[in-house]
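Student: Could you please take one part of this structure and explain it closely, and then show how it relates to the rest of the chain? I should like a connected account rather than a list.

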Amino acid sequence: MRPQLQNSVPEKLPAGRNATAEKLLDAASELMIARSSIEISLSDIAQKSGANAALVKYHFGNKDGLLLALLARDAATEVANLEYLLAQPISPTAKLKLHISGIIRAYHRFPYMNRLIHYLLHESSAEAADEVSKFFVAPLLDFHRRLIEEGVAQGEFRAVDPVLFYTSLIGACDHLFFGRHAMSRAIGVGPVTDDVCRQYIAHMEALICGGILQGASGE
(Lines give C-alpha, C1' and ligand atoms only; values in the text may rest on other atoms or scores of the structure.)
Protein backbone atom coordinates (compact mmCIF):
# COMPACT_ATOMS: atom_id res chain seq x y z
CA MET A 1 0.00 0.00 0.00
CA ARG A 2 1.43 3.40 -0.97
CA PRO A 3 2.33 5.71 1.97
CA GLN A 4 0.08 8.73 2.33
CA LEU A 5 1.36 12.31 2.43
CA GLN A 6 0.86 14.17 5.66
CA ASN A 7 -1.70 16.93 5.30
CA SER A 8 -0.30 19.62 7.62
CA VAL A 9 1.42 21.78 4.98
CA PRO A 10 0.39 25.44 5.20
CA GLU A 11 -1.42 26.70 2.11
CA LYS A 12 -0.28 30.28 2.64
CA LEU A 13 2.14 31.84 5.07
CA PRO A 14 1.13 35.02 6.90
CA ALA A 15 2.35 38.08 5.06
CA GLY A 16 2.94 40.23 8.14
CA ARG A 17 2.18 43.46 6.27
CA ASN A 18 -0.76 45.83 6.13
CA ALA A 19 -3.31 45.96 3.35
CA THR A 20 -1.66 48.80 1.43
CA ALA A 21 1.70 47.05 1.33
CA GLU A 22 0.01 43.87 0.10
CA LYS A 23 -1.82 45.83 -2.60
CA LEU A 24 1.51 47.21 -3.83
CA LEU A 25 3.04 43.71 -3.91
CA ASP A 26 0.01 42.28 -5.71
CA ALA A 27 0.12 45.09 -8.27
CA ALA A 28 3.82 44.52 -9.00
CA SER A 29 3.23 40.77 -9.38
CA GLU A 30 0.26 41.21 -11.73
CA LEU A 31 2.12 43.74 -13.89
CA MET A 32 5.17 41.51 -14.29
CA ILE A 33 3.01 38.54 -15.22
CA ALA A 34 0.98 40.56 -17.73
CA ARG A 35 4.08 42.07 -19.37
CA SER A 36 6.33 39.01 -19.09
CA SER A 37 8.96 41.40 -17.77
CA ILE A 38 10.30 42.72 -14.48
CA GLU A 39 10.66 46.18 -16.03
CA ILE A 40 7.91 48.07 -14.23
CA SER A 41 7.93 51.60 -12.82
CA LEU A 42 6.72 53.02 -9.53
CA SER A 43 4.04 54.94 -11.39
CA ASP A 44 2.87 51.68 -13.01
CA ILE A 45 2.64 50.04 -9.59
CA ALA A 46 0.84 53.03 -8.10
CA GLN A 47 -1.70 53.16 -10.91
CA LYS A 48 -2.35 49.42 -10.76
CA SER A 49 -2.69 49.35 -6.97
CA GLY A 50 -4.59 52.59 -6.58
CA ALA A 51 -2.04 53.73 -3.99
CA ASN A 52 0.33 56.69 -4.01
CA ALA A 53 3.81 55.92 -5.36
CA ALA A 54 5.31 57.56 -2.26
CA LEU A 55 3.93 54.66 -0.22
CA VAL A 56 6.46 52.34 -1.87
CA LYS A 57 9.23 54.28 -0.11
CA TYR A 58 7.26 54.30 3.15
CA HIS A 59 6.70 50.54 3.18
CA PHE A 60 9.74 49.19 1.31
CA GLY A 61 12.36 51.94 1.07
CA ASN A 62 12.53 51.92 -2.75
CA LYS A 63 11.48 49.85 -5.76
CA ASP A 64 14.21 47.25 -5.20
CA GLY A 65 12.98 46.89 -1.63
CA LEU A 66 9.50 46.18 -2.96
CA LEU A 67 10.85 43.63 -5.45
CA LEU A 68 12.82 41.93 -2.68
CA ALA A 69 9.72 41.79 -0.47
CA LEU A 70 7.69 40.36 -3.36
CA LEU A 71 10.22 37.61 -4.02
CA ALA A 72 10.41 36.80 -0.31
CA ARG A 73 6.61 36.55 -0.16
CA ASP A 74 6.32 34.40 -3.29
CA ALA A 75 9.16 32.10 -2.24
CA ALA A 76 8.11 31.69 1.39
CA THR A 77 5.56 28.92 0.98
CA GLU A 78 7.66 27.09 -1.63
CA VAL A 79 10.69 27.08 0.68
CA ALA A 80 8.60 26.03 3.69
CA ASN A 81 7.26 23.10 1.69
CA LEU A 82 10.80 21.74 1.18
CA GLU A 83 11.04 20.58 4.80
CA TYR A 84 7.50 19.23 4.59
CA LEU A 85 8.42 17.18 1.53
CA LEU A 86 11.62 15.78 3.05
CA ALA A 87 9.65 14.58 6.08
CA GLN A 88 7.14 12.57 4.04
CA PRO A 89 7.14 8.74 4.42
CA ILE A 90 7.70 8.17 0.69
CA SER A 91 10.69 7.18 -1.41
CA PRO A 92 13.38 9.66 -2.50
CA THR A 93 12.27 9.11 -6.09
CA ALA A 94 8.68 10.05 -5.25
CA LYS A 95 9.96 13.14 -3.40
CA LEU A 96 12.07 14.10 -6.40
CA LYS A 97 9.08 13.88 -8.75
CA LEU A 98 6.91 15.93 -6.40
CA HIS A 99 9.68 18.52 -6.13
CA ILE A 100 10.07 18.79 -9.90
CA SER A 101 6.32 19.28 -10.25
CA GLY A 102 6.23 21.80 -7.41
CA ILE A 103 9.05 23.92 -8.81
CA ILE A 104 7.56 24.03 -12.31
CA ARG A 105 4.11 24.91 -10.95
CA ALA A 106 5.67 27.67 -8.83
CA TYR A 107 7.27 29.16 -11.94
CA HIS A 108 3.97 28.81 -13.75
CA ARG A 109 2.29 30.76 -10.97
CA PHE A 110 5.13 33.31 -10.72
CA PRO A 111 6.86 33.28 -14.15
CA TYR A 112 8.97 36.31 -13.24
CA MET A 113 10.53 34.57 -10.22
CA ASN A 114 13.90 33.51 -11.63
CA ARG A 115 14.45 36.79 -13.51
CA LEU A 116 13.72 38.61 -10.27
CA ILE A 117 16.25 36.40 -8.48
CA HIS A 118 18.89 37.17 -11.13
CA TYR A 119 18.20 40.88 -10.93
CA LEU A 120 18.37 41.04 -7.14
CA LEU A 121 21.49 38.86 -7.01
CA HIS A 122 23.46 40.61 -9.75
CA GLU A 123 22.05 44.07 -10.49
CA SER A 124 20.75 45.36 -7.19
CA SER A 125 22.55 45.99 -3.88
CA ALA A 126 24.86 43.64 -2.00
CA GLU A 127 22.31 43.61 0.82
CA ALA A 128 19.56 42.45 -1.54
CA ALA A 129 21.82 39.73 -2.95
CA ASP A 130 22.58 38.50 0.57
CA GLU A 131 18.89 38.37 1.43
CA VAL A 132 17.98 36.38 -1.70
CA SER A 133 20.81 33.94 -1.01
CA LYS A 134 19.57 33.43 2.55
CA PHE A 135 15.85 32.98 1.96
CA PHE A 136 15.82 31.23 -1.42
CA VAL A 137 19.06 29.97 -2.96
CA ALA A 138 20.66 28.48 0.16
CA PRO A 139 17.54 26.60 1.37
CA LEU A 140 16.92 25.17 -2.10
CA LEU A 141 20.54 24.06 -2.52
CA ASP A 142 20.45 22.50 0.94
CA PHE A 143 17.24 20.67 0.09
CA HIS A 144 18.79 19.28 -3.10
CA ARG A 145 21.89 18.16 -1.19
CA ARG A 146 19.84 16.37 1.47
CA LEU A 147 17.44 14.76 -1.02
CA ILE A 148 20.32 13.48 -3.15
CA GLU A 149 22.09 12.12 -0.05
CA GLU A 150 18.90 10.33 0.99
CA GLY A 151 18.46 8.86 -2.48
CA VAL A 152 22.08 7.68 -2.64
CA ALA A 153 21.87 6.16 0.85
CA GLN A 154 18.76 4.20 -0.13
CA GLY A 155 20.33 3.00 -3.37
CA GLU A 156 17.91 4.90 -5.62
CA PHE A 157 20.14 7.75 -6.91
CA ARG A 158 23.57 8.07 -8.40
CA ALA A 159 25.84 10.52 -6.59
CA VAL A 160 25.43 13.84 -8.41
CA ASP A 161 26.63 17.34 -7.60
CA PRO A 162 23.74 19.25 -5.92
CA VAL A 163 24.94 22.54 -7.42
CA LEU A 164 24.79 21.09 -10.93
CA PHE A 165 21.40 19.56 -10.13
CA TYR A 166 20.13 22.95 -8.92
CA THR A 167 21.47 24.62 -12.04
CA SER A 168 19.82 22.06 -14.32
CA LEU A 169 16.39 22.05 -12.68
CA ILE A 170 16.03 25.75 -11.88
CA GLY A 171 17.50 26.79 -15.22
CA ALA A 172 15.09 24.53 -17.09
CA CYS A 173 12.12 25.91 -15.15
CA ASP A 174 13.14 29.48 -15.89
CA HIS A 175 13.70 28.92 -19.59
CA LEU A 176 10.27 27.38 -20.12
CA PHE A 177 8.86 30.84 -19.37
CA PHE A 178 11.70 33.23 -20.20
CA GLY A 179 12.57 31.56 -23.50
CA ARG A 180 8.99 31.03 -24.60
CA HIS A 181 8.84 34.40 -26.35
CA ALA A 182 11.94 33.69 -28.42
CA MET A 183 10.54 30.30 -29.42
CA SER A 184 7.17 31.80 -30.32
CA ARG A 185 8.91 34.12 -32.78
CA ALA A 186 11.11 31.34 -34.16
CA ILE A 187 8.66 28.45 -34.52
CA GLY A 188 5.28 29.82 -33.45
CA VAL A 189 4.78 28.00 -30.15
CA GLY A 190 1.99 29.32 -27.97
CA PRO A 191 1.93 30.52 -24.35
CA VAL A 192 2.56 28.31 -21.32
CA THR A 193 -0.89 26.91 -20.62
CA ASP A 194 -1.87 24.44 -17.90
CA ASP A 195 -1.56 21.66 -20.48
CA VAL A 196 1.94 22.80 -21.49
CA CYS A 197 2.87 22.91 -17.82
CA ARG A 198 1.69 19.31 -17.32
CA GLN A 199 3.62 18.18 -20.40
CA TYR A 200 6.76 19.91 -19.17
CA ILE A 201 6.48 18.29 -15.75
CA ALA A 202 6.32 14.85 -17.38
CA HIS A 203 9.24 15.77 -19.66
CA MET A 204 11.43 17.02 -16.79
CA GLU A 205 10.59 14.00 -14.62
CA ALA A 206 11.72 11.68 -17.42
CA LEU A 207 14.80 13.76 -18.18
CA ILE A 208 16.04 14.22 -14.61
CA CYS A 209 15.06 10.81 -13.32
CA GLY A 210 16.69 9.28 -16.38
CA GLY A 211 19.95 10.92 -15.35
CA ILE A 212 19.91 10.45 -11.57
CA LEU A 213 18.24 7.10 -10.90
CA GLN A 214 20.43 4.05 -10.44
CA GLY A 215 20.18 1.80 -13.46
CA ALA A 216 18.17 4.32 -15.48
CA SER A 217 20.78 4.38 -18.24
CA GLY A 218 21.87 0.78 -18.05
CA GLU A 219 24.26 1.10 -15.08
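Tutor: Glu-149 and Arg-145 are both found in helix H7, where 4 residues, or about one turn of the helix, separate them. In this predicted model, their side chains form a salt bridge, with a distance of 3.3 Å from N to O. In general, side chains of opposite charge can pair when their charged atoms come close. Glu-149 counts as partly exposed because its relative accessibility is 44%. Arg-145 is also partly exposed, since its relative accessible area is 33%.

A second pair links H7 to another helix. The side chains of Arg-146 and Glu-83 meet in a salt bridge at 2.6 Å, again taken from N to O. Arg-146 belongs to helix H7 (residues 126-153) and Glu-83 to helix H4, so this pair ties together parts that lie 63 residues apart in sequence. With a relative accessibility of 28%, Arg-146 counts as partly exposed; Glu-83, at 44%, is placed in the partly exposed class too.

Helix H10 (residues 194-212) offers a further example within one helix: Arg-198 and Asp-195 both lie there, 3 residues apart, which is about one turn of the helix. The side chains of Arg-198 and Asp-195 form a salt bridge of 3.7 Å from N to O. Arg-198 is partly exposed at 47% relative accessibility, and Asp-195 is partly exposed with a relative accessible area of 40%. Returning to the residues around H7, salt bridges with shared partners join Glu-83, Asp-142, Arg-145, Arg-146 and Glu-149 into one network.

Since Glu-83 lies in helix H4, that helix deserves attention next. H4 covers residues 63-86, and at 1.5 Å a residue its 24 residues should span 34 Å; the C-alpha atoms at its ends are 35 Å apart, which agrees. The helix nevertheless bends by about 40 degrees at Ala-76. At its N-terminal end, H4 is capped by Asn-62, which has a side-chain oxygen 3.2 Å from the backbone nitrogen of Asp-64.

Asp-64 is itself a residue of helix H4. What is the nearest side chain of opposite charge to Asp-64? It is Lys-63, at a distance of 5.8 Å. A salt bridge requires a side-chain nitrogen of Lys or Arg within 4 Å of a carboxyl oxygen of Asp or Glu, and Asp-64 has no salt bridge although it is buried. Once the neighbours within four places in sequence are set aside, Asp-64 is in contact with Tyr-119, Leu-120 and Ser-124.

These details may now be placed in the whole chain. The secondary structure consists of 10 helices and 0 strands, so that from the N terminus on every element is written as α: α-α-α-α-α-α-α-α-α-α. Of the 219 residues in the chain, 42% are buried. Among contacts with a separation of 6 or more, 72% come from residues 24 or more positions apart. Finally, 11 salt bridges are found in the whole structure, including the one between Arg-146 and Glu-83 and the one between Glu-149 and Arg-145.

Note on methods. Residues numbered from 1 in each chain as written. Predicted model: local features only at pLDDT ≥ 70, side-chain atom pairs only at ≥ 80, totals over all residues. Heavy atoms only, no water. Helix = DSSP H or I, 4+ residues; strand = E, 2+ residues; numbered from the N terminus. Expected span 1.5 Å × (residues − 1). Bend = angle between axes of the 7 residues up to and from the residue. Polar contact = N/O pair within 3.5 Å; in protein donor to acceptor, adjacent residues only side chain to side chain. Buried < 20%, exposed > 50% of the residue type's maximum accessible area, 1.4 Å probe, protein only. Lys, Arg positive; Asp, Glu negative; His and termini not counted. Contact = heavy atoms within 4.5 Å.
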